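Colleague: I'd like to learn how to read a model like this one. Could you walk me through it, feature by feature?

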Amino acid sequence: MPVHFSHFEMSLVFALLASIILGLVTKRTDRDRVRYGAYCFGCFMVALFGIGWVMHFLHG
Amino acid sequence: MPAAPSTASAPVAPLKSPVVTALIAWIIPGGGHFWLGRRGRGLIVFCTVLAAFGVGLLMYGPMFHPGGSDVLTRVINIGGFIGNLASGIFYFVTMACGYAQPDAGGHASDYGSKFLVVAGLLNILAMVDAYEIATRQKD
């Protein structure tokens with residue numbers, strides 16, 4: 001049986017994995033990598049909740 | 001009269017063959033970083049790509065196959081196929097084991113197929129990073 005994740009859980013996992021790789025490949029020091037990864041994850045979360053609320057108000 | 005110091009920098013030899021590094025990074029996600037001695041980063045790449053691929057398999061995501069009746073479908077299928085292929089050994093082992101999940105519809109299967117593609121796309125980013133380390137554009 002396939003595992004069923006919710007849309008939110010899927011978005012969270014995607015944001016986490018993409019942030020790890022983006023932080024890893026874009027910066028030169030470990031400190032900058034961690035900070036950029038956290039920044040990317042934060043941006044994903046802001047977009048996730050922002051778009052979620054926009055859709056909530058549009059759909060009523 | 002003393003000679004003026006040369007301002008032109010000498011060409012820097014690559015760390016290891018960039019092409020071989022990129023090939024290893026493709027076949028084994030994180031392998032390129034391992035090959036270059038960046039073991040910690042290689043392990044993180046391996047685990048991250050494996051996690052994305054594993055989530056895709058857990059959700060019974062179908063793989064993309066090149067082909068299709070119209071141009072748009074063909075472009076989507078070829079793009080997805082490249083994404084699947086970029087996962088390297090994970091894709092080859094999965095296909096060798098006979099994984100042939102049909103597109104069952106529904107959000108679980110749809111997310112699954114996207115995660116299988118995302119795993120490959122993340123590996124492409126890691127391949128580029130390994131290539132740049134091999135050519136000494138990065139540390």
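Modeller: Happy to, and keep in mind that this is a predicted model. Let's start with chain A, which has 2 helices and 0 strands.

Colleague: How do I judge whether chain A is a compact globule or more spread out?

Modeller: Compare its radius of gyration with the value from the globule rule. Chain A comes out at 14 Å, well over the 10 Å that the rule gives for 60 residues, so it is more spread out than a compact globule. The box along the principal axes, filled by the C-alpha atoms of chain A, is roughly 45 × 35 × 10 Å. Buried residues make up 18% of the 60 residues in this chain.

Colleague: Which residues should I look at inside chain A?

Modeller: Try two alanines. A:A18 sits in helix α1 (residues 7–26) of chain A, and it counts as buried because it has 20 C-beta neighbours inside 10 Å, where 20 or more is the cut-off. A:A15 is also found in helix α1 of chain A, but with 18 other C-beta atoms within 10 Å it is partly exposed.

Colleague: And what lies across from A:A15, once sequence neighbours within four places are left aside?

Modeller: A:A15 is then in contact with A:F41, A:F44 and A:M45. Take A:F44: it is 29 residues away along the chain, yet the C-alpha atoms of A:A15 and A:F44 are separated by 5.9 Å. For A:A18, look at A:G37, which is 19 residues apart in sequence and 8.6 Å apart in space, C-alpha to C-alpha.

Colleague: How many residues of each chain are in contact with the other?

Modeller: On chain A it's 14 residues, and they meet 20 residues of chain B. The chain A side divides into 11 nonpolar, 2 polar and 1 charged.

Colleague: Now a helix in chain B. How would I check the length of α3?

Modeller: Multiply the rise per residue out and compare. At 1.5 Å a residue, the 20 residues of helix α3 (residues 39–58) of chain B should span 28 Å, and the end C-alpha atoms are 28 Å apart, which agrees.

Colleague: Which residues of α3(B) are buried, and what do they pack against?

Modeller: First the general idea: an α-helix has 3.6 residues a turn, so residues three or four places apart point the same way. In α3(B) the buried set is B:R41, B:G42, B:V45, B:T48, B:V49, B:A52, B:F53, B:V55 and B:G56. They pack against α1 of chain A together with α2 (31–35), α5 (89–96) and α6 (107–134) of chain B.

Colleague: Which residues touch the most other members of the largest nonpolar core?

Modeller: That core has 35 residues, and the ones touching the most other members are A:I21, B:A52, B:F115, B:A119, B:L122 and B:A126. At least two residues each come from α1 of chain A and from α1 (18–27), α3, α5 and α6 of chain B. The largest share, 12 residues, is from α6(B). Beyond its neighbours within four places in sequence, B:A119 is in contact with B:V49, B:A52, B:F53, B:G56, B:S87 and B:F90.

Colleague: Last one: where do I find positive phi values in residues other than glycine?

Modeller: Have a look at B:Y60 and B:R136. B:Y60 has phi near 55° and is found in the loop between α3 and α4 (71–85) of chain B; with 19 C-beta neighbours inside 10 Å, it counts as partly exposed. B:R136 has phi near 65° and lies in the segment after α6 of chain B. With 12 other C-beta atoms within 10 Å, B:R136 is exposed.

Notes. Residues are numbered from 1 along each chain as its sequence is written. Chains are lettered from A and ligands numbered from 1 in the order in which they are written. This is a predicted model: local features need pLDDT of at least 70, side-chain atom pairs count only at pLDDT 80 or more; totals for chains, interfaces and linings use all residues. Two residues are in contact if their C-beta atoms, placed from the backbone, lie within 7 Å. Ala, Val, Leu, Ile, Met, Phe, Trp, Tyr, Cys and Pro count as nonpolar, Asp, Glu, Lys and Arg as charged, and the others, Gly among them, as polar. Helices (H or I, at least four residues) and strands (E, at least two) are DSSP runs, numbered from the N terminus. The expected span of a helix is 1.5 Å times one less than its number of residues. A nonpolar core is a set of buried Ala, Val, Leu, Ile, Met, Phe, Trp, Tyr and Cys residues joined through C-beta atoms within 7 Å. The radius of gyration is taken over C-alpha atoms; the globule rule is 2.2 Å times the number of residues to the power 0.38.
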